[in-house]
Amino acid sequence: MNVEDLNIKEMIGNAGKILSEHDRKKGVLIHTLQKIQQDYGYLPEDVLKTLSKKLSLPLAEIYSIATFYKTFHFSPRGRNIVNICVGTACHVKGNKEIISTIENAFNVKVGGTAADMSVTVETVGCVGCCAIAPVVVVNSSEIVGDLNIQKTTSLVNEIKDGAFEGGIRDETD
Ligand code: FES
């Protein structure tokens, strides 16, 4: 084929159509993934397989896009999410004890979810509250600082009692 014969306008036009179709699907995909996660709390594989068929997008591409965003999860999560800060200040102020207290109390390792689905325990980088290190964030909304073993045990008991379910600590008791 002679390069001179190429109709650039036509080529761009076709490429534009292809891109917009693909982009449209990706736009639908991200919105749909958010909805799925809202409903299930994570992205179940069988639901993603169905979505892959519906959108005619390869499952691998869906995973590739979904894993790019930290907000998506691929396994069931607990009713409470406990994020233990592992930033420098919290590390220096003894977050190791906090981690082991929480792990032992819920019988789960960091990164895991308790068998009764009451909690998922994760770590997080500095949350900007170093003055009250060591710090834990519950359900992305409640920052609890100046933790020691005793205070952490009280926090664990509150979580077990469901005080944080629904996002905000219930202090009516
Ligand atoms: S290092 Fe934990 S809040 Fe800054």
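**Burial of Thr-120 and a helix crossing**

Student: Why is Thr-120 called buried in this predicted model?

Tutor: Thr-120 has a relative accessible area of 2%. Buried means under 20%, so Thr-120 counts as buried.

Student: Where does Thr-120 sit, and what does Thr-120 touch?

Tutor: Thr-120 belongs to strand 2, residues 119–124. Leaving out residues up to four places away in sequence, Thr-120 touches Arg-77, Gly-78, Asn-80, Ile-81, Val-82, Gly-112 and Thr-113.

Student: What makes these residues contacts of Thr-120?

Tutor: A contact needs heavy atoms within 4.5 Å; Arg-77 is one of the residues that Thr-120 touches, so the pair has heavy atoms within that cut-off.

Student: How many helices and strands does the protein chain have, and which pattern does the chain follow?

Tutor: The protein chain has 6 helices and 4 strands, in the pattern α-α-α-β-α-α-β-β-β-α along the sequence. Of its 173 residues, 34% count as buried.

Student: How do the axes of helix 2 and helix 3 cross?

Tutor: The axes of helix 2 (residues 45–55) and helix 3 (residues 59–68) come within 9 Å and cross at roughly 120°. The crossing is right-handed. Helix 2 contributes Glu-45, Leu-48, Lys-49, Leu-51 and Ser-52 to the contact, and helix 3 contributes Leu-59, Ile-62 and Tyr-63.

Student: What makes 2 residues of this contact charged and 1 polar?

Tutor: The contact divides into 5 nonpolar, 1 polar and 2 charged residues. Glu and Lys count as charged, so Glu-45 and Lys-49 are the charged pair. Ser is not on the nonpolar or charged list, so Ser-52 is polar.

Key: Residues are numbered from 1 along each chain as its sequence is written. This is a predicted model: local features need pLDDT of at least 70, side-chain atom pairs count only at pLDDT 80 or more; totals for chains, interfaces and linings use all residues. Side-chain values use heavy atoms; hydrogens and water are left out. Helices (H or I, at least four residues) and strands (E, at least two) are DSSP runs, numbered from the N terminus. Buried means under 20% relative accessible area, exposed over 50%, partly exposed in between (1.4 Å probe, protein chains only). Axes are lines fitted to C-alpha atoms, for helices over the stretch in contact, and angles run from 0 to 180 degrees between N-to-C directions. A crossing is left-handed if the near helix is turned anticlockwise from the far one by less than a right angle, and right-handed if clockwise.
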